[in-house]
Amino acid sequence: MSDFEHVFEQPPEGAAADWTIPQNWGAYTEVEHETWNTLYARQMKILPGRACEAYMRGLDALDLNTGGIPDFEVMNPKLQALTGWTVVCVPGLVPDEVFFDHLANRRFVSGQFIRKPDQLDYLQEPDIFHDVFGHVPMLTDPDFAAYMEAYGKGGQRAQSLGMLKNLARLYWYTVEFGLMKEADGLRIYGAGIVSSATESVFSLEDPSPNRLGFDLERVMKTLYRIDDFQQVYFVIDGLEPLKQATLQDFGPLYERLKGADDLPIETVLPEDVVFTHGTQAYARKGGRF
Ligand code: HBI
Ligand code: FE
């Protein structure tokens, strides 16, 4: 089960049995380092006041703005000292079970490549900017770090129970596209948002999307789109409650989900906690930016 088409079946040549490849930091070109710097500077104009506190703190702690693409040999010891996570490079999308095995062992997988200068705004496959700038700052937070490990372990189990479709929605609506309620208002923690200049603004400020309170079972029923801005964002109360919600045994939850219908993306249920009942104007216009 994967949303993407270009997943290899076997580790390609040069990759280890666990699909990792060397980062080979010395081989990045000036243009590639400049691409990182451009994307970084662009996000730093947008994220203060929009990204959550844990994200901004993590970005600071990892010192990812020393110029150019981060060298994992420098970044990993800092990350590891904080939460035990490390980042490893992979050639692209890896099979789900490989992905889960890395997460279950507190290894986050990152693409080794960076997008081309003419693709700054949108690309389908996760590159090192999305994976490192987007995901890694949150891994410095102990609750989020524990949540991601639990997700990896849960993925292995969900796969054996045939429930991966449902669990993948949890990842999508939290790790990739999650919002969080903080004292001063809604903030971003999802990597797909935080690494996108346009969605960083859209997710918080556009009147189109629904913004609904996070509910584990509800989220696992909700369809999602991979090719455009989201039509619904789910808002957590904090990282500790997010972790708590996933510490329970998902067995009974999966039993209920087996008999339940999927929820269309734009549905608002009577029991939803509504932060924004969106107009859906953006999606109705046909979307795509
Ligand atoms: N591989 N490199 C990489 N990055 C991902 O985010 C990723 C993956 N393989 C599978 C996967 N994600 C998802 O399909 C799982 O969350 C279900
Ligand atoms: Fe991602």
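Here are some questions and answers about the sheet and helices of this predicted model.

Residues count from 1 along each chain as its sequence is written, with chains lettered from A and ligands numbered from 1 in the order in which they are written. Local features need pLDDT of at least 70 and side-chain atom pairs count only at pLDDT 80 or more, while totals for chains, interfaces and linings use all residues; side-chain values use heavy atoms, leaving out hydrogens and water.

Q: In what order do the 5 strands of the open sheet come?
A: Strands here are DSSP runs of E, at least two residues, and helices are runs of H or I, at least four, numbered from the N terminus. Two strands pair if DSSP finds at least two bridges between them. The pairing in this open sheet is mixed. The order is β4-β3-β6-β5-β7.

Q: Which strands are the edge strands?
A: An edge strand pairs on one side only. That picks out β4 (185–188) and β7 (274–276).

Q: Which residue of β4 does Leu179 stand opposite?
A: β3 and β4 run antiparallel, joined by 4 bridges. A hairpin through 2 residues links them. In β4, Leu179 stands opposite Ile188.

Q: What is the bridge partner of Met180 in β6?
A: β3 (residues 179–182) and β6 (residues 232–236) run parallel, with 2 bridges between them. Leu179 stands opposite Val235 there. For Met180, the partner is Ile236.

Q: At about what angle does helix α9 run to β4?
A: Axes are lines fitted to C-alpha atoms, for helices over the stretch in contact, and angles run from 0 to 180 degrees between N-to-C directions. α9 (residues 197–205) lies across β3, β4, β5 (210–213) and β6. Its angle to β4 is about 155 degrees.

Q: How far apart are the axes of α4 and α6?
A: Helix α4 (residues 96–104) packs on helix α6 (residues 142–161) at an angle of about 145 degrees. Contact means heavy atoms within 4.5 Å, and among the residues making it are Phe100 and Leu103 of α4 and Met148 and Tyr151 of α6. The axes are 7 Å apart.

Q: How many residues of α5 are buried?
A: Buried means under 20% relative accessible area, exposed over 50%, and partly exposed in between, with a 1.4 Å probe and protein chains only. Helix α5 (residues 128–135) is mostly covered, and its cover includes α1 (30–46), α2 (53–62) and β2 (107–111). Among the buried residues are His130, Asp131 and His135. The count is 8 of 8.
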